[in-house]
Amino acid sequence: MATDDREERRIGDADLMDITRGDQARARSLRKSLQKLSEGLAPGDPLREMAREVLSGRIGLREAARVPAYSEALGERTAQGFRDYERLSPQERREQEAAARAYLAEQKAEIAEERRNRGR
């Protein structure tokens with residue numbers, strides 16, 4: 001019997017901590033990125049499928065990266081991302097880097113707030 005997505009297990013930040021070397025903010029960011037991929041890409045896109053498999057816990061991220069269809073799609077997207085980054089001006093790069101640092105700081109603040117709320 002097939003289960004629908006609402007009944008399936010969903011991984012949490014802790015499940016990605018090994019990938020981020022224990023950095024919970026980066027694990028949360030990674031999980032959110034996987035969620036965006038799983039929801040925002042076209043049906044049939046290998047990265048959408050990979051993200052859904054990882055988020056469901058059916059496959060780990062490192063294991064998924066060794067699946068040929070997923071690794072090829074990841075390689076193509078990574079190469080495109082590097083090309084896009086190289087086209088940025090130095091100022092745009094600094095702005096992107098500042099935005100990334102700010103985003104990670106927001107994730108850390110969100111995690112800290114959740115911990116405070118659990119302690120109540």
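Which side-chain oxygen reaches to within 2.8 Å of the backbone nitrogen of Leu-47 at the start of helix 2? Select Asp-45, since the side-chain oxygen belongs to that residue.

Before going further, note that this is a predicted model in which local features need pLDDT of at least 70 and side-chain atom pairs count only at pLDDT 80 or more, while totals for chains, interfaces and linings use all residues. Residues are numbered from 1 along each chain as its sequence is written, and side-chain values use heavy atoms, with hydrogens and water left out.

Stay with helix 2 (helices are DSSP runs of H or I with at least four residues, numbered from the N terminus) and colour its buried residues (under 20% relative accessible area, with a 1.4 Å probe and protein chains only; exposed is over 50%, and partly exposed lies in between), among them Leu-47, Met-50 and Val-54. Their cover includes helix 1, helix 3 (61-64) and helix 4 (68-87), and just after helix 2 you will find Gly-57 with a positive phi of about 85°.

Next, select helix 1, residues 24-40, where Asp-23 caps the N-terminal end through a side-chain oxygen 3.0 Å from the backbone nitrogen of Ala-25.

Now show the side chains of Arg-28 and Glu-110, which meet in a salt bridge at 2.7 Å, N to O (a side-chain nitrogen of Lys or Arg within 4 Å of a carboxyl oxygen of Asp or Glu). Arg-28 lies in helix 1 and Glu-110 in helix 5, so the pair ties together parts that are 82 residues apart in sequence. Arg-28 is buried at 5% relative accessibility, whereas Glu-110 is partly exposed at 30%.

Finally, add Asp-13, Arg-31, Lys-32 and Glu-114, which are linked with Arg-28 and Glu-110 in a network of salt bridges.

Methods:
Helices (H or I, at least four residues) and strands (E, at least two) are DSSP runs, numbered from the N terminus. The expected span of a helix is 1.5 Å times one less than its number of residues. A polar contact is a pair of N or O atoms within 3.5 Å; within protein, one must be able to donate a hydrogen and the other to accept it, and residues adjacent in sequence count only if both atoms are side-chain atoms. Contact means heavy atoms within 4.5 Å.
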